[in-house]
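Biologist: I am new to this structure and would like a close look at a single part of it. Could you take me slowly through the place where a pair of aromatic rings sits, and then through what surrounds that place?

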Amino acid sequence: QLKLVKSTWGMTGTLTENLRRIADAGYAAVEMQLPPEEALPEFRSLLKETKLEYVAMVITLTDDHLNEFKTKVEKVRALEPLN
């Protein structure tokens, strides 16, 4: 099954605005990095509200890439991304 996926790359606006715009445009999923910890509850709620699936981008920013990657993947798994 073909699913249209929209990245948030280059989008301006809030998380809420962007996800609603993506859903309103007819996309099935959003591709983006894991939001900051404090935004995770809002993100989870928005995914349900908009019925968007999630394609996770995991990017490491510290010198401890492996541990940072593992930590972020565990947080991503809780959001049930497409795999």
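Modeller: What follows begins with the chain as a whole, moves to the aromatic pair, and then turns to the neighbouring parts.

Please keep in mind throughout that this is a predicted model, and that the values below are computed from it. The protein chain has three helices and three strands, and, read from the N terminus, these elements follow one another in the order β-α-β-α-β-α. Along its principal axes the C-alpha trace spans about 40 × 30 × 25 Å. The radius of gyration is 13 Å, which agrees with the value near 12 Å that a compact globule of 83 residues would have. Of those 83 residues, 30% count as buried, and of the contacts between residues at least 6 apart in sequence, 55% join residues that are at least 24 apart.

Now to the part you asked about. The structure holds one aromatic pair, and its members are F43 and Y54, whose rings meet edge-to-face, with 5.0 Å from centre to centre and 80 degrees between the planes. The two residues are 11 places apart and belong to separate elements, since F43 lies in helix 2 while Y54 lies in strand 3, so that the pair links distant parts of the chain. F43 counts as buried because its relative accessibility is 0%, which is under the cut-off of 20%, and Y54 counts as buried for a like reason, with a relative accessibility of 1%.

The two elements that carry these rings also belong to one stretch of the fold. Strand 2, residues 29-33, pairs with strand 3, residues 53-57, in the parallel sense over five bridges. Between these two strands the chain passes through helix 2, residues 40-50, in a β-α-β crossover that is right-handed. One of the bridges can be followed by name, for Q33 has M57 in strand 3 as its bridge partner.

Y54 also has a neighbour from further along the chain. The C-alpha atom of E80 is separated from that of Y54 by 7.5 Å, although the two residues are 26 apart along the chain. E80 belongs to the segment after helix 3, and E80 counts as exposed because its relative accessibility is 68%, over the 50% that the term requires.

On the side of helix 2, another element comes into the picture. Helix 1, residues 15-24, has L15, T16, N18, L19 and I22 as its buried residues, and these pack against strand 1, strand 2 and helix 2. After helix 1 comes G26, whose phi is positive, near 95 degrees.

A last residue to inspect is E68, which is placed in helix 3, residues 65-77. E68 counts as buried because its relative accessible area is 14%, again under 20%. The side chain of E68 reaches the backbone nitrogen of L61 at 2.9 Å, and, leaving aside neighbours within four places in sequence, E68 is in contact with I59, T60, L61 and T62.

Taken together, the part you asked about is an edge-to-face pair of F43 and Y54, formed between helix 2 and strand 3, with helix 2 lying on the path of the right-handed crossover from strand 2 to strand 3.

Definitions and conventions
Residues are numbered from 1 along each chain as its sequence is written. This is a predicted model: local features need pLDDT of at least 70, side-chain atom pairs count only at pLDDT 80 or more; totals for chains, interfaces and linings use all residues. Side-chain values use heavy atoms; hydrogens and water are left out. Two strands pair if DSSP finds at least two bridges between them. Helices (H or I, at least four residues) and strands (E, at least two) are DSSP runs, numbered from the N terminus. A crossover is right-handed if, with the strands pointing away from the viewer, the path from the first strand over the helix to the second runs clockwise. Buried means under 20% relative accessible area, exposed over 50%, partly exposed in between (1.4 Å probe, protein chains only). A polar contact is a pair of N or O atoms within 3.5 Å; within protein, one must be able to donate a hydrogen and the other to accept it, and residues adjacent in sequence count only if both atoms are side-chain atoms. Contact means heavy atoms within 4.5 Å. Rings of Phe, Tyr and Trp (its six-membered ring) pair if their centres lie within 6.5 Å; planes under 30 degrees apart count as stacked, over 60 as edge-to-face and the rest as tilted. The radius of gyration is taken over C-alpha atoms; the globule rule is 2.2 Å times the number of residues to the power 0.38.
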